[in-house]
Amino acid sequence: LETASAYRAGLAFNNEIAAARAQDRLHWNVEARVGRDRAGFAAIAIAVRDESGRAPAGLVLDARLAHPSDARLDQVLEVSGKASTGFSAVGPATGGQWVLVIEMSREGERVFRSRNRVMLP
């Protein structure tokens, strides 16, 4: 594997380590339920709670379904809602295994990222 700049790749890696440590310090509980809506689209309900059981304020959530073997099949999901009432995300996706990627940001800065293997019916 070649990289244009080993220095930049190292910085990016170090930034990801720092972001993961900051995320761990949040002690958030993020739950996602995966299913289908009435129209047959992939439907994901996402709940976010801090360590006190409250919804963190000011979050913007992005979600996508990443295909485990073909990035051309990845699906960016349409997200609605807010942390206080729960987020929902919908989009087209075939049944089978996917990687659910959830990213949350506050004031333009990413504060949470997760990747979880899920099974769509």
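In this short talk I will go through one helix, one sheet and one residue of the structure above, which is a predicted model.

Let me begin with helix H1, which covers residues 6-26. What span should we expect for the 21 residues of this helix? At 1.5 Å a residue the expected span is 30 Å, and because the C-alpha atoms at the two ends of H1 are 31 Å apart, the model agrees with that expectation. Just after H1 comes His27, and if you look at its backbone you will find that phi is positive, near 55°.

Now to the sheet, which is open and has four strands in the order E4-E3-E7-E8, with antiparallel pairing. Strand E4, residues 75-76, and strand E8, residues 109-120, stand at the edges, and each has a single partner strand, so one side of each is left without a neighbour in the sheet. Strand E3, residues 60-66, runs antiparallel to E4 and is joined to it by two bridges; Leu65 has Gln75, in E4, as its bridge partner.

I would like to finish with Val118, which is found in strand E8. Is Val118 buried or exposed? Its relative accessible area is 14%, and because buried means under 20%, we call Val118 buried. Which residues does Val118 touch, if we leave out those up to four places away in sequence? They are Val34, Leu65, Gly96, Gln97, Trp98 and Leu100, and you may remember Leu65 as the bridge partner of Gln75. Finally, Val99 lies 19 residues from Val118 along the chain, while the C-alpha atoms of these two residues are separated by 5.9 Å.

Definitions and conventions:
Residues numbered from 1 in each chain as written. Predicted model: local features only at pLDDT ≥ 70, side-chain atom pairs only at ≥ 80, totals over all residues. Heavy atoms only, no water. Expected span 1.5 Å × (residues − 1). Pairing = 2+ DSSP bridges. Buried < 20%, exposed > 50% of the residue type's maximum accessible area, 1.4 Å probe, protein only. Contact = heavy atoms within 4.5 Å.
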